Each structure stands twice: as C-alpha cells, then as structure tokens.
Amino acid sequence: MELRQKFFQKNGGGMLIQRISGAGPSNIDVKIFTEEGMKEVTNGYDESRILGQGGQGTVYKGIFPDNSIVAIKKSRLGDNIQVEQFINEVLVLSQINHRNVVKLLGCYLETEVPLLVYEFITSGTLFDHLHGSMCDSSLTWECRTLNSQVV
C-alpha cells in the first residue's frame with residue numbers, strides 16, 4: 001500500500017486531484033482508476049488482452065463488468081515522463097469531445113508507470129483507413145480532404 005501511494009504522488013496524483021477539484025466550473029471529466037480495477041479489466045495484464053505494442057508502450061484491451069470495453073495504454077518503463085506535462089496532457093485530453101478523437105476516460109497512477117484509459121474503437125487504426133488495409137472502408141482522397149476541412 002505504501003509503495004502504491006509513493007507512485008501515486010510521483011506520477012502527479014495529488015496535483016491531478018488538486019486541479020480537478022480546483023475552484024470554478026470545470027468540464028474536466030477524468031476518472032482515476034484503482035489497481036484492482038485495472039487488473040480485473042485486463043485479466044491481470046494477460047497477453048491475450050494485448051492490442052498492440054510499439055515504441056511508446058503496450059495497449060491492452062480492458063473489459064469492465066458491465067461489458068464496456070476500453071483501451072489501456074501502459075507506457076514503456078524508463079520513459080522519463082515529466083509529471084507536470086503528463087498531468088496537463090491528462091487534463092487537456094479529458095476535455096476533448098470530438099467524433100474524430102479517441103476520448104481519454106481516465107488514468108491509473110499507483111504504479112511505476114502511469115496508465116491511460118481510453119475509449120475503445122473497433123473500426124481499425126488510422127493507418128488502416130489511410131492506406132487501404134481495411135479494404136472497402138478505406139477513405140478516398142476526396143473524403144480525406146473534405147474531413148480535414150471540417151474540423
């Protein structure tokens with residue numbers, strides 16, 4: 001328990017809570033998840049739940065008891081995450097609500113590397129859509145340029 005609290009503070013948990021509960025109206029909607037919750041939804045970070053791995057870390061598929069699905073990003077160990085920058089990123093991302101941007105739902109801070117919890121999108125990656133890996137559902141050039149102008 002003491003180690004989890006140490007990681008929570010190291011990863012900016014106190015600062016995040018202070019900013020969320022700060023004075024004035026806020027549209028910040030971010031949940032801070034627990035260790036038990038993260039282990040449960042990822043089935044103990046089971047390899048079968050890995051959606052992808054890359055230079056930034058590993059993304060797991062999480063399934064909550066109500067069958068809602070999330071994507072959980074675990075950054076690589078050794079990444080020097082600047083706490084202030086990480087907290088600002090969480091706060092900014094939690095306020096974005098746009099149909100073309102994956103929504104950040106929350107984070108878990110009680111481990112050596114903080115985890116980010118995002119909504120789960122089932123329709124393939126941006127790379128798939130842009131480069132035709134999705135076959136029939138790939139975006140045409142006209143559609144890409146039209147969508148870039150709509151923002």
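**Strand S5 and its neighbours**

A hairpin of 6 residues carries the chain from strand S5 into strand S6. This turn is a good place to start exploring the structure, which is a predicted model. On the two sides of the hairpin lie residues 104-108, forming S5, and residues 115-119, forming S6. The two strands run antiparallel and are joined by 4 bridges. Within this pairing, Leu104 of S5 faces Tyr118 of S6, the two residues standing opposite each other.

S5 also has a partner from an earlier part of the chain. Strand S1, made up of residues 31-32, runs parallel to S5 and is linked to it by 2 bridges. Here Ile32 is found opposite Cys107 of S5. S5 is thus paired with S1 in parallel fashion and with S6 in antiparallel fashion. Of the 5 residues in S5, 4 are buried, so the strand is largely enclosed by the rest of the structure. In a regular strand, side chains point alternately to one face of the sheet and the other.

Stepping back to the whole protein, the secondary structure consists of 6 helices and 6 strands. Read from the N terminus, these elements follow the order α-α-β-α-β-β-β-α-β-β-α-α. The protein has 151 residues, and 26% of them are buried. Its accessible surface amounts to about 9,900 Å², with carbon and sulfur atoms contributing 53%. Turning to contacts between residues at least 6 apart in sequence, 50% connect residues that are at least 24 apart.

Definitions and conventions
Residues are numbered from 1 along each chain as its sequence is written. This is a predicted model: local features need pLDDT of at least 70, side-chain atom pairs count only at pLDDT 80 or more; totals for chains, interfaces and linings use all residues. Side-chain values use heavy atoms; hydrogens and water are left out. Buried means under 20% relative accessible area, exposed over 50%, partly exposed in between (1.4 Å probe, protein chains only). Contact means heavy atoms within 4.5 Å. Accessible areas come from the Shrake-Rupley method with a 1.4 Å probe; for residues, only the protein chains shown count as cover. Two strands pair if DSSP finds at least two bridges between them.
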